[in-house]
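Got a few minutes to walk through a model together? Let's pull it up and trade some questions.

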Amino acid sequence: MYRIWVTEDLDEIGLEWLRGRGAEVEYSRPSYEELLERVGEFDALIVRTNTKVTEEVIARGVPRLKVVGRAGVGFDNIDTDAATRYGVLVLNAPYGYMISTAELTMGLMLALLRKIPLADSYMKKEQWRKRELLGTELYGKVLGIIGVGRIGRQVAIRANAFGMQILGYDPYIRQEDVEKYNVKLLPSLEDLLPQVDILTLHVPLTEETRYMIAERELRMMKKGAFIINCSRGKVIKGSALYKAIVDGHIAGAALDVHETEPPTDWSLAKLPQVIATPHLGSATYEAQHKVAIEVVEEIWMALQGGPVRSSINMPSMPPELYAYLKPYLYLSEKMGQFMGQWIRRPVDEIRLTYIGDVVELPYSLITAAFVKGILDPVLGEPVNYINAVCMAKERGITVTESIEEREGEFTNLVRVEVKVGKEYYEMAGTLVGRNIPKIVEIDGFRVDVEPKGNIILTRHHDRPGMIGKIGSILGENNINIANMYVGRKEIRGEAVMTLCVDEPVPPEVLDKIKTIEGFERVDFISL
Ligand code: NAD
């Protein structure tokens with residue numbers, strides 16, 4: 001009989017579900033010392049954010065402990081690396097909150113445009129002040145959704161019912177993916193922002209989305225536009241929003257999430273044009289029920305050894321094998337990140353070919369690492385070696401792998417080909433001296449670049465003076481070149497160049513490089 005320890009709040013429905021299947025469920029809130037003492041008596045733990053599942057806890061839990069389930073999304077309190085090393089599966093429940101957060105978004109939108117909280121506050125003060133409470137209809141307005149994923153699509157369904165026109169910005173999905181939600185995707189924020197009456201954000205917090213709405217973006221918006229944020233606080237720069245509202249450029253904002261929670265600076269939340277709520281997206285009875293069911297079903301599946309939809313780490317394997325595999329996983333994930341930043345468009349197909357020694361390894365995990373590298377920066381939920389390929393499939397991306405045993409210049413080679421519309425992007429990587437990762441081919445051109453740090457990648461026509469010109473633009477901008485490689489097939493023919501630089505390259509510097517005659521394409525990759 002499985003013994004499951006639920007150490008934080010979980011809806012009763014989840015406990016009943018487990019007991020109904022014959023599991024012995026203990027529901028208590030142990031201190032850290034009690035947790036350490038007794039964790040070894042259980043097959044699974046179900047936690048939220050307060051139980052610290054440290055390496056020490058996991059070490060005491062094995063061999064009986066097999067799964068840790070997080071009833072919710074974030075898992076900062078769980079040492080997932082340690083769990084992986086000890087072969088303990090960690091999983092979460094990212095779907096249960098979807099509807100509740102979309103409904104809160106619509107609630108905030110209506111409350112903001114009809115000034116409902118302000119009206120209510122007057123009534124409570126026995127004041128009948130209709131004149132200053134003139135509102136705005138949703139009907140016919142242009143709603144801009146940034147991040148058209150799970151929650152963004154649910155918002156679109158509801159906005160359609162209100163007769164809104166819906167535009168979207170999400171560079172990682174295709175128009176076909178959101179056709180049925182009546183969302184018209186635009187290619188850039190610059191295209192979206194000037195058109196919208198109401199902007200709502202539903203992106204994960206990543207390097208790319210951190211402060212994606214700041215002074216410049218707010219200025220691009222129509223005067224009198226509204227903003228809703230139920231995603232993550234740090235996607236909007238609070239000080240810039242405060243200023244734009246006080247200046248009268250932005251009419252108002254409804255914020256469920258904040259730069260720090262609870263806020264240390266309450267000035268934005270206190271503005272009369274702002275409605276603020278304390279991160280309530282998932283605070284509904286239904287979301288709590290759904291999350292409880294989602295997590296117990298996943299835990300149950302994992303205990304039976306079945307496939308798990310939302311696992312966070314990878315399964316256990318013998319340490320010797322993992323030591324061999326690890327540098328390939330690193331290489332492949334970095335190649336995926338490189339490819340993702342190079343392409344910056346929705347991918348249709350990913351093909352990996354394994355050549356040489358590497359075919360002896362469980363290379364499906366290397367495939368998963370590549371897919372993780374491409375998807376992880378753009379999705380709101382954790383992508384890992386177990387769920388990466390499954391998540392790619394869910395997004396309509398075909399992933400295939402094959403092996404070739406031929407001997408070539410390299411003893412091992414991981415070759416990837418990514419199809420985007422009618423175009424193909426290609427890259428190959430190898431391990432030098434067993435564990436130094438190198439990208440050795442880009443689009444059929446020989447290169448030699450370590451996949452780390454800041455890299456400028458160009459496609460150009462080889463001719464005298466090109467390197468000097470790019471070098472002087474970088475020099476003028478105080479960007480130091482660490483190394484450089486030019487790959488070409490014939491003298492003065494098509495070529496690629498990789499330049500590893502010590503500093504990040506700002507977009508305006510890239511734009512300057514693009515003006516040099518002969519450069520067809522210039523990309524900046526940060527790994
Ligand atoms: P999701 O992964 O299903 O969707 C996120 C979408 O954002 C994806 O389609 C992705 O392609 C897109 N995206 C990624 N980077 C982008 C970029 N730079 N520009 C534009 N689009 C980009 O995630 P989800 O489940 O819909 O969750 C969305 C957000 O809502 C997350 O940040 C999550 O943490 C947050 N959330 C908040 C609450 C709350 O209580 N307020 C509850 C649940 C989720």
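What follows is a chat between a visitor and a guide about this predicted model.

Visitor: Let's start with the open sheet of six strands: in what order do the strands run?

Guide: The pairing in this sheet is mixed. Strand 14 and strand 18 (445-449) each have a single partner strand, so they stand at the edges, with one side of each left without a neighbour in the sheet. Neighbouring strands are turned by 20° against each other on average, direction ignored. Read across, the order is 14-13-15-16-17-18.

Visitor: Which helix packs on that sheet, touching strand 13, strand 14 and strand 15?

Guide: Look for a helix covering residues 364-375. Its direction makes about 140° with that of strand 13. That's helix 15.

Visitor: Is the pairing of strand 13 with strand 15 parallel or antiparallel?

Guide: Take the other partner for contrast: strand 13 (residues 349-356) pairs with strand 14 (residues 398-404) in the parallel sense over seven bridges, and there E349 stands opposite T398. Towards strand 15 (residues 412-420), there are eight bridges, and L352 stands opposite V416. The sense with strand 15 is antiparallel.

Visitor: How many of the eight residues of strand 13 are buried?

Guide: Y354 lies in this strand, and at 0% relative accessibility it is one of the buried residues, since buried means under 20%. The strand as a whole is mostly covered. The count of buried residues is seven.

Visitor: Which residues does Y354 contact, leaving aside its neighbours within four places in sequence?

Guide: Some partners fall within strand 14, residues 398-404: E401, S402, I403 and E404 are on the contact list. L413 and V414 are there too, and strand 15 spans residues 412-420. The rest of the list is V359, Y363, I366 and T367.

Visitor: What about the other end of the sheet, where strand 17 meets strand 18: which residue is the bridge partner of I442?

Guide: Strand 17 covers residues 436-442 and pairs with strand 18 in the antiparallel sense, over three bridges. The partner we want sits in strand 18. It's F445.

Visitor: Now for empty space: what is the volume of the largest cavity?

Guide: The structure holds two cavities of 30 Å³ or more. Thirteen residues line the largest one, with Y172, R345, P346, V347 and I374 nearest its centre. That lining divides into eight nonpolar, one polar and four charged residues. The volume is about 130 Å³.

Visitor: And the second largest pocket: how many of its lining residues are nonpolar?

Guide: This pocket has a volume of about 400 Å³ and a lining of 21 residues, with L112, P272, Q273, V274 and I275 nearest its centre. Helix 5 (98-113), helix 6 (116-124), strand 11 (250-255), helix 12 (267-270) and strand 12 (274-276) each supply at least two residues of the lining. Four lining residues are polar and two are charged. The nonpolar ones number 15.

Visitor: One last stop, G248: how far apart are the C-alpha atoms of G248 and G224?

Guide: G248 is found in the loop between helix 11 (238-246) and strand 11. At 31% relative accessibility, G248 counts as partly exposed, because that value falls between the 20% and 50% cut-offs. G224 is 24 residues away along the chain. The C-alpha separation comes out at 7.3 Å.

Definitions and conventions: Residues are numbered from 1 along each chain as its sequence is written. This is a predicted model: local features need pLDDT of at least 70, side-chain atom pairs count only at pLDDT 80 or more; totals for chains, interfaces and linings use all residues. Side-chain values use heavy atoms; hydrogens and water are left out. Buried means under 20% relative accessible area, exposed over 50%, partly exposed in between (1.4 Å probe, protein chains only). Helices (H or I, at least four residues) and strands (E, at least two) are DSSP runs, numbered from the N terminus. Two strands pair if DSSP finds at least two bridges between them. On a 1 Å grid over the protein atoms alone, a cavity is a set of points where a 1.4 Å probe fits but cannot get out, and a pocket is an open set with protein on both sides within 12 Å along at least five of seven lines; lining residues have an atom within 4 Å of a point. Grid points are joined across faces, edges and corners, and a volume is the space filled by probe spheres set on the points. Ala, Val, Leu, Ile, Met, Phe, Trp, Tyr, Cys and Pro count as nonpolar, Asp, Glu, Lys and Arg as charged, and the others, Gly among them, as polar. Axes are lines fitted to C-alpha atoms, for helices over the stretch in contact, and angles run from 0 to 180 degrees between N-to-C directions. Contact means heavy atoms within 4.5 Å.
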